[in-house]
Amino acid sequence: PQIRKMLSSGVCTSTVQLPGKVAVVTGANTGIGKETAKELAQRGARVYIACRDVQKGELVAREIQTMTGNQQVLVRKLDLADTKSIRAFAEGFLAEEKHLHILINNAGVMMCPYSKTADGFEMHIGVNHLGHFLLTHLLLEKLKESAPSRVVNVSSLAHHLGRIHFHNLQGEKFYSAGLAYCHSKLANILFTQELARRLKGSGVSAYSVHPGTVNSELVRHSSFMKWMWWLFSFFIKTPQQGAQTSLYCALTEGLEILSGNHFSDCHVAWVSAQARNETVARRLWDVSCDLLGIPMD
Ligand SMILES: NC(=O)C1=CN([C@@H]2O[C@H](COP(=O)(O)OP(=O)(O)OC[C@H]3O[C@@H](n4cnc5c(N)ncnc54)[C@H](OP(=O)(O)O)[C@@H]3O)[C@@H](O)[C@H]2O)C=CC1
Ligand SMILES: CC1=C(/C=C/C(C)=C/C=C/C(C)=C/C=O)C(C)(C)CCC1
């Protein structure tokens with residue numbers, strides 16, 4: 001029980017309610033994202049479940065509506081492995097919504113075999129970093145207009161093993177599925193810091209989080225990890241516990257001064273040396289813009 005308590009600590013105790021607020025959660029059809037969306041809906045927000053499988057999303061939306069009594073849970077298609085889908089999602093959202101107060105970039109893939117997104121990006125960096133980078137860019141004006149607003153990027157402790165190799169960003173020279181995940185999670189932190197720097201004074205704040213080790217479908221591509229997760233399922237967090245730090249960053253009042261920080265178990269957490277490197281963060285921003293055809297400023 002002591003080990004379990006240690007691995008599952010961190011509870012979002014904020015009592016903030018969200019009537020009239022609008023939130024988007026990517027990958028909210030399962031795992032941590034689903035629990036995050038459920039809690040935001042429970043607090044009265046209009047919540048967009050942005051997922052690649054609309055059918056799965058609809059089932060979850062119905063479940064959340066029934067559990068929370070909030071009918072404002074909407075499903076929209078978003079495939080982060082395809083920039084056309086990301087642009088279509090953003091276009092639809094901007095046309096139908098006046099505001100966006102909370103954007104939770106939660107979706108992620110881990111340890112998938114070498115593969116490429118529709119635009120030719122390696123899958124981990126493409127979905128986990130570039131997909132969310134583009135989505136955030138497309139929704140940024142709306143976030144600014146809706147300030148105070150927040151962006152939460154779900155990263156991982158695994159970023160400690162990550163390195164941004166600009167000469168091998170797409171894993172073409174060498175590739176390890178495990179490390180590709182770690183690199184993409186490091187990119188989430190660097191993106192958060194650069195975003196926070198650029199958004200200073202705008203009323204939009206940005207946070208990265210490590211949700212903990214969570215019993216979810218993330219391990220689907222690795223039999224070893226599936227076995228580990230099964231073996232230790234009693235000790236690791238439930239998705240509901242895994243959602244706490246994202247919720248803490250999205251909801252806690254007065255957190256704006258900590259914009260750009262990384263959180264774990266609802267506390268500021270230490271990040272690796274490269275994750276604190278402003279030069280790398282700036283260069284990653286520019287390279288991401290270049291890859292996605294976003295004009296640099
Ligand atoms: N579980 C853990 O121990 C940890 C998780 N994290 C991070 O937490 C986040 C949530 O993961 P978790 O809930 O655990 O994992 P799950 O695998 O349960 O959920 C991941 C979600 O991302 C979605 N997704 C994957 N690829 C795409 C895509 N191309 N477009 C849109 N959505 C996509 C999945 O959709 P679909 O169901 O259709 O596949 C699913 O909804 C991830 O960013 C992960 O890196 C960080 C540290 C530890
Ligand atoms: C050693 C060990 C564990 C393994 C932890 C691991 C391997 C965590 C990996 C986290 C990942 C992959 C995060 C994703 O971003 C458990 C299961 C906690 C149980 C206690 C002993």
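## A tour of ligand 1 and its pocket

Begin by selecting Val214 together with ligand 1 in this predicted model, where a polar backbone atom of Val214 is 2.8 Å from an oxygen atom of the ligand. Once ligand 1 is in view, note that the protein covers 98% of the 900 Å² of accessible area that the ligand has on its own.

Next, select Glu217, which has a backbone N or O atom 3.1 Å from an oxygen atom of ligand 1, and then move to Leu80, where a backbone N or O atom lies 2.9 Å from a nitrogen atom of the ligand.

Now widen the selection to the shell of 31 residues that surround ligand 1, the closest being Asn29, Arg52, Tyr181, Val214 and Ser216. Colouring this shell by residue type will show 13 nonpolar, twelve polar and six charged residues, and both α2 and α6 supply at least two residues each to the shell.

From here, turn to the space itself, for ligand 1 sits in the largest pocket, which holds about 880 Å³ of space. Of the 45 residues that line this pocket, Gly108, Val109, Tyr181, Ser216 and Leu218 are the closest to its centre. To follow the lining along the chain, select in turn α2 (31–42), β2 (46–51), α5 (123–145), α6 (177–198) and α7 (223–231), the elements that give two or more residues to it.

Finish on α6, from which the largest share of the pocket lining comes, namely four residues, and then colour the whole lining by type, where 23 residues are nonpolar, 15 are polar and seven are charged.

Technical notes:
Residues numbered from 1 in each chain as written. Chains lettered and ligands numbered in written order. Predicted model: local features only at pLDDT ≥ 70, side-chain atom pairs only at ≥ 80, totals over all residues. Heavy atoms only, no water. 1 Å grid on protein atoms, 1.4 Å probe; cavity = no way out; pocket = protein on both sides within 12 Å on 5 of 7 lines; lining within 4 Å. Points joined across faces, edges and corners; volume = space filled by probe spheres on them. Nonpolar A, V, L, I, M, F, W, Y, C, P; charged D, E, K, R; others polar. Near = heavy atom within 4 Å. Polar contact = N/O pair within 3.5 Å; in protein donor to acceptor, adjacent residues only side chain to side chain. Areas by Shrake-Rupley, 256 points an atom, 1.4 Å probe, with all protein chains shown as cover. Sits in = over half its atoms within 2 Å of the grid points.
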